[in-house]
Amino acid sequence: MLYLVEHFYSIQGEGKYTGTPSLFFRFGGCNMRCEGFGCKEIASNGTTVLGCDTVYAVNREHFAHNWVQIDDAKKLLNILDLYELPHAVDIVLTGGEPLIYAHDEIFIEFLTQLYKHGHTITFETNGSLHVDFEKYPIYKNFIFALSVKLSNSHEALSKRVRGDVIFSIASKAKDAFFKFSIDAESIDLGLEEEISNIIIHSPKTKVYCMPLGGSKKEVEANTLPLIEFCKAKGYNFSDRLHIRVWDQNKGV
Ligand code: SF4
C-alpha cells in the first residue's frame, strides 16, 4: 500500500534541473525525522510537530489521516489527466522518502507506465535506502537527487550515510547528483569534512548545496554565507526557488 500526500504541477525548484516544468508526486512516510531542521507544523489536534520542511509528509502519527491510500497504479496514473501537461512532462517523485516504496509492486507498475510513455523521472531521496537494480532494472533509467542528510538533521550517522547505497545508486542510475541543505551556522562546524565523507562514496557525482529553511526568510538568511562556502569549496550553489517564490505555501 502506498500513501500519496499531494500532487502538483510546478517547476523544479532546486538542484541540477532547477526550472524544469515537472509534475510532482509527494509520497507519505520516511525512514527519518530530521528534527534538527527545526521546521514546525501544527497538527489538527493542535500539537506542534517538529521536523523538516515536509514534516506533514513524514510524520504518520499526526498527518497520515490526510494522506490518500493508493491500492492501484491507475489511481496515480489518472492524476496526469487532471492537468494540462506538455507531452511527456518530467515527473518528480518526492516525499517524505519515496524510496520506502521502491520495491512495492504498485509503485513499480506506476514507474513502468510512466517510463513507457516517455516521461523523465527524478527521485528526490535521502539516499539511505537500498534499491534493487538487478530485480527492478527499470531504476537504471531514472535520475536520483541524493539529498544525503548531514549532522544538522540530528539523525544518526549510520542511518543517514550509507556508502553502499550511495555508490550503488550513483553508479547504476542514468544520472545522480548530491544535494545538501545547509544553514549558515553549520558552515564553520566541520561541514566540509562531513560532505567529503559522504561524496567519497561517489567522487565524480556533482554536488549542489542549497540554503536550509522552510520559509523564504530562513532561506534568504542562509543564502549569502552558503554562496561563499560554495565559491571556496568548488561546489554548485542551488537556490530553493519554490520557497523563494511561494514561501511556505504547499503544493505549488
Ligand atoms: S529524510 Fe528528507 S523527508 Fe525524511 S525527514 Fe529528513 S528531510 Fe524530511
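Begin by selecting L146, I169 and C209: of the 61 residues in the largest nonpolar core, these touch the most other members. Such a core is a set of buried Ala, Val, Leu, Ile, Met, Phe, Trp, Tyr and Cys residues joined through C-beta atoms within 7 Å. The largest share of this core, five residues, comes from strand β9 (residues 175-182). Helices (H or I, at least four residues) and strands (E, at least two) are DSSP runs, numbered from the N terminus.

The structure is a predicted model, in which local features need pLDDT of at least 70, side-chain atom pairs count only at pLDDT 80 or more, and totals for chains, interfaces and linings use all residues. Residues are numbered from 1 along each chain as its sequence is written.

Next, centre the view on I169, which is placed in helix α5 (residues 163-172). I169 counts as buried because it has 26 C-beta neighbours inside 10 Å; the cut-offs are 20 or more other C-beta atoms within 10 Å for buried, 12 or fewer for exposed, and partly exposed in between, with C-beta atoms placed from the backbone. Leaving aside residues up to four places away in sequence, I169 touches G127, V131, F144, L146 and A176, contact being C-beta atoms, placed from the backbone, within 7 Å.

Move then to C209. With residues up to four places away in sequence again not counted, C209 touches F180, I182, L226, F229, C230, Y235, F237 and S238.

Now display the strands. An open sheet of nine strands follows the order β5-β1-β2-β6-β7-β8-β9-β10-β11, with mixed pairing; two strands pair if DSSP finds at least two bridges between them. β5 (68-70) and β11 (236-237) stand at the edges with a single partner strand each, so one side of each has no neighbour in the sheet.

Starting from the β5 edge, three bridges join β1 to β5 in an antiparallel arrangement, and L4 stands opposite V68 in β5. On β1, select H7, which stands opposite F25 in β2; seven bridges join β1 to strand β2 (residues 21-27), and these two also run antiparallel. Further along, strand β7 (residues 121-125) and strand β8 (residues 143-146) run parallel and are joined by four bridges, with E124 opposite A145 in β8.

Finally, select the ligand. Of the 14 residues around the ligand, C30, M32, C34, C52 and N126 come nearest, a residue being near if its C-beta atom, placed from the backbone, lies within 6 Å.

Note on methods. Two residues are in contact if their C-beta atoms, placed from the backbone, lie within 7 Å.
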